[in-house]
Amino acid sequence: MEYRTLGGSGAVVSAFALGTMTFGHESDEAVAHAQLDRFVEAGGTLIDTADVYSAGASEQIIGRWLASRPSEVTDRVVLATKGRFPMGTGPNDLGLSRRHLRRALDDSLRRLGVDHVDLYQLHSWDPLTPLEETLRFLDDAVTAGKIEYPGLSNFTGWQLQKACDLIDVRGWAKLVTLQPQYSLLVREIEWEIVPACVENGLGLLPWSPLGGGWLTGKYTRDARPSGQTRLGEKPDRGMEGYDRRSTRDRTWDVVEAVEEVAKGRGSSMAQVALAWVRDRPAVSSVLLGARTMDQLEDNLAAADVVLSAEETARLDAVSDLGVGDYPYGELGIEQRSRTVDGGR
């Protein structure tokens with residue numbers, strides 16, 4: 001397992017993290033605990049959850065695991081959770097207000113059975129709460145010792161930059177990470193979000209690096225998904241829905257390229273897709289989200305996969321978004337460029 005710093009902080013984490021959205025829903029407690037044991041045994045350290053995962057059950061399952069394992073195991077863990085989404089039916093049971101986040105953080109600590117978490121992330125932007133209010137809460141939580149580092153998730157580039165600017169002006173605790181969706185199928189964050197993270201020293205924690213299972217080879221052009229897979233049980237599920245993605249030629253071009261690279265090197269498609277994300281700029285740790293132990297074992301093996309320059313170039317090319325000339329295309333980039341000789 002490779003290790004990297006958590007964004008611009010001095011904390012060190014494994015290059016692959018264990019995402020736990022499946023705990024308490026798709027993975028029962030016995031499977032979840034087995035995954036946690038195997039992940040730490042493989043050298044993994046960063047465990048990521050959220051209060052909204054299975055309505056708090058994911059945090060409770062992790063909490064019982066932490067309480068039942070010896071300190072020489074649990075002391076390695078870098079524990080991350082998030083708050084923002086509804087945990088009740090009331091108007092104050094969600095959002096990034098000081099009122100909601102104070103209760104959300106305290107409830108997360110209680111479910112996890114700890115007095116602090118290493119990383120507390122704002123799960124998404126809140127258009128109703130002044131950003132100053134939210135960021136001041138994070139700074140107070142750091143001062144109180146309830147969180148070591150604050151981070152973001154699902155923020156856009158301008159939202160991230162505004163947060164970093166306010167923090168610099170006020171002298172509050174600096175953000176260290178951003179957790180976005182990122183994969184060979186979802187590369188739009190490279191236009192604004194990745195440059196903003198690089199500029200401000202934030203590390204990326206990509207979620208859904210396998211495109212919701214699309215990059216494992218489980219879906220095909222000529223057969224709608226069925227059986228015990230995420231899209232087999234719910235074909236229109238979110239952004240990875242079958243009808244949403246299957247109609248795009250780019251989807252199948254990327255899937256076929258990943259399959260060919262995997263066959264050429266004797267790896268699984270998942271390992272190739274994970275290795276590609278791991279080696280992107282600013283990535284601190286890639287979230288693995290597995291239903292089963294077999295899936296986790298396969299994903300962990302990506303730690304040993306190093307793509308060649310030729311393999312990476314091929315995957316880069318086939319997954320290129322093909323943006324227009326402006327503002328992200330070649331002419332837009334040229335317009336913003338400058339050389340020391342004045343362009344002569």
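User: In this predicted model, how many of the residues of strand 7 (residues 147-153) are buried?

Analyst: The model is predicted, not experimental. A residue counts as buried when its relative accessible area is under 20%. Strand 7 has seven residues and is mostly covered. The number of them that are buried is five.

User: Which residue in strand 7 is the bridge partner of L122?

Analyst: Strand 6 (residues 117-122) pairs with strand 7 in the parallel sense, over five bridges. Between these strands the chain passes through helix 5 (residues 131-143), in a right-handed β-α-β crossover. The bridge partner of L122 is L152.

User: Which residue in strand 8 does G151 stand opposite?

Analyst: Strand 7 also pairs with strand 8 (residues 177-179), in the parallel sense and over three bridges. Together with helix 6 (residues 157-170), these two strands make a right-handed β-α-β unit. Opposite G151 stands T177.

User: Which helix gives the most residues to the largest nonpolar core?

Analyst: The largest nonpolar core holds 82 residues, and Y120, L178 and L315 have the most contacts inside it. Eight of the core's residues come from the helix that gives the most, which is helix 11 (residues 269-278).

User: How many residues are in the other core, the one that includes L46 and L119?

Analyst: This core lies apart from the largest one. V176 and L205 are also among its members. Its residue count is 11.

User: What distance does helix 2 (residues 57-68) reach from its first C-alpha to its last?

Analyst: Helix 2 has 12 residues. At 1.5 Å a residue, the expected reach is 16 Å, and the model comes close to that. The value is 17 Å.

Key:
Residues numbered from 1 in each chain as written. Predicted model: local features only at pLDDT ≥ 70, side-chain atom pairs only at ≥ 80, totals over all residues. Heavy atoms only, no water. Helix = DSSP H or I, 4+ residues; strand = E, 2+ residues; numbered from the N terminus. Expected span 1.5 Å × (residues − 1). Core = buried A, V, L, I, M, F, W, Y, C linked by side-chain atoms within 4.5 Å. Buried < 20%, exposed > 50% of the residue type's maximum accessible area, 1.4 Å probe, protein only. Pairing = 2+ DSSP bridges. Right-handed = clockwise from strand over helix to strand, strands pointing away.
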